[in-house]
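Student: Could we go through this protein together, one question at a time? I have the sequence and the model open and would like to learn how to read them.

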Amino acid sequence: MEPNTNQLSQLFEGLSATGVRTILWDEDDNLLHADPGMLEIYQNEEFNEKFGNIELTECMSWRKWTEQEITLGIIEVPKDLDQESFLNKMEKERQGIRDRRSRELTFKNGVHVLSTDIRLKDGSLFTSFTDITEQRQKNEKLNTLTEAMDKSSTGIWIFDKNEELVFINEQVKAIASNAGFEPEVGMKYQDYLGLLVKAGVVS
């Protein structure tokens, strides 16, 4: 059973409440629906100070919308392509979506999103955007911390609440190698301790 207009509105409203922003294009790549939250990515005050206002209105074409993004500096044209060739390339990629495509995008205002395109049975294209900026920032901090611990001259090993080894740095690996054993991520604390005793590292 095909959903009616009211059901679709409720679906889009529900997705918006979860932080997922949505755009729906018809089979000819003209805009049918744009989540208000999606517009906020472009039309917040900070963004407009740098790039101006962007229009995203019903029935406008994907190509016109994307041309705006290029003009305002939101999307950069690769150095080896002119704008027309770049638009044609992206348009061909969109037309080639038969099922689903997911990718990470970074806007010039520093926002990182996970973009997912889904081709529907009637030929329309449903696109969702999930803001992953905070997640990316946390991952970057975690990677920096992990790198710092890995390079530390002090041996560091971490066990989780289940007493399984989840991290060992290079210093611990070197000590273990010199002692003739090789600890593995996932091994239990008691097993790791047994290796230390057997190697004579601890008594």
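Student: How many of the seven residues of strand 5 are buried?

Tutor: Good place to start, and keep in mind that this is a predicted model. Strand 5 covers residues 125–131. It is largely enclosed by the rest of the structure, because the buried residues in it number five of the seven.

Student: Which strands pair with strand 5, and over how many bridges?

Tutor: Let's take its partners in turn. Strand 1 pairs with strand 5 in the antiparallel sense over six bridges, and one of the matched pairs is leucine 24 with phenylalanine 126. Strand 4, residues 112–119, also runs antiparallel to strand 5, and here aspartate 117 has threonine 127 as its bridge partner. The partners you asked for are therefore strand 1, with six bridges, and strand 4, with seven.

Student: What is the order of the strands in the open sheet?

Tutor: The sheet has five strands with antiparallel pairing. Strand 2 and strand 3 are its edge strands, as each pairs on one side only. From one strand to the next, the twist averages 20 degrees. Read across, the order is 2-1-5-4-3.

Student: Which residue in the turn between strand 4 and strand 5 has a positive phi?

Tutor: Strand 4 and strand 5 form a hairpin, with five residues between them. In that turn, a phi of about 95 degrees belongs to glycine 123.

Student: Which residues outside its own stretch of sequence does aspartate 26 touch?

Tutor: First find aspartate 26 in the loop between strand 1 (20–25) and strand 2 (31–34). Aspartate 26 is buried yet has no salt bridge, and arginine 119, the nearest side chain of opposite charge, is 8.1 Å away. Not counting residues up to four places away in sequence, aspartate 26 touches Leu32, Gly123 and Ser124.

Student: Is aspartate 29 buried or exposed?

Tutor: Aspartate 29 is found in the loop between strand 1 and strand 2. Its phi is near 65 degrees, a positive value in a residue other than glycine. Most residues other than glycine have a negative phi. Since the cut-off for buried is under 20% relative accessible area, aspartate 29, at 14%, counts as buried.

Student: And what is the relative accessible area of glutamate 163?

Tutor: Look in the loop between strand 6 (157–159) and strand 7 (165–168). Glutamate 163 has a positive phi of about 60 degrees there, although it is not a glycine. Glutamate 163 is partly exposed, because its relative accessible area is 46%.

Student: Which residues touch the most other members of the largest nonpolar core?

Tutor: In soluble globular proteins, nonpolar side chains tend to be buried together. The largest nonpolar core here has 19 residues, and strand 1, strand 2, helix 4, helix 5 (83–95) and strand 5 each supply at least two of them. Apart from it lies another core of nine residues, including Ile168 and Tyr192. In the largest core, the residues you want are Ile23, Trp25, Leu31, Leu56 and Trp65.

Student: How far is the C-alpha atom of isoleucine 23 from that of serine 128?

Tutor: Isoleucine 23 sits in strand 1. It is buried, because its relative accessible area is 0%. Along the chain, isoleucine 23 and serine 128 are 105 residues apart. Their C-alpha atoms, however, are separated by 6.4 Å.

Student: What is leucine 31 in contact with?

Tutor: Let's leave aside its neighbours within four places in sequence. Leucine 31 is then in contact with Ile23, Leu24, Trp25, Leu56, Thr57, Glu58, Cys59 and Met60.

Student: Which residues of helix 4 are buried?

Tutor: Helix 4 spans residues 62–71, and just after it, glycine 73 takes a positive phi of about 85 degrees. Seven of the ten residues of helix 4 are buried, so this helix is largely enclosed by the rest of the structure. The buried ones are Trp62, Arg63, Trp65, Thr66, Gln68, Glu69 and Ile70.

Student: To finish, what percentage of residues in the protein chain is buried?

Tutor: Let's step back to the whole chain, which has eight helices and seven strands. The chain holds 203 residues. The buried share of them is 33%.

Terms used. Residues numbered from 1 in each chain as written. Predicted model: local features only at pLDDT ≥ 70, side-chain atom pairs only at ≥ 80, totals over all residues. Heavy atoms only, no water. Helix = DSSP H or I, 4+ residues; strand = E, 2+ residues; numbered from the N terminus. Buried < 20%, exposed > 50% of the residue type's maximum accessible area, 1.4 Å probe, protein only. Lys, Arg positive; Asp, Glu negative; His and termini not counted. Salt bridge = Lys/Arg side-chain N within 4 Å of Asp/Glu carboxyl O. Contact = heavy atoms within 4.5 Å. Pairing = 2+ DSSP bridges. Core = buried A, V, L, I, M, F, W, Y, C linked by side-chain atoms within 4.5 Å. Axes fitted to C-alpha atoms, helices over the stretch in contact; angles between N-to-C directions.
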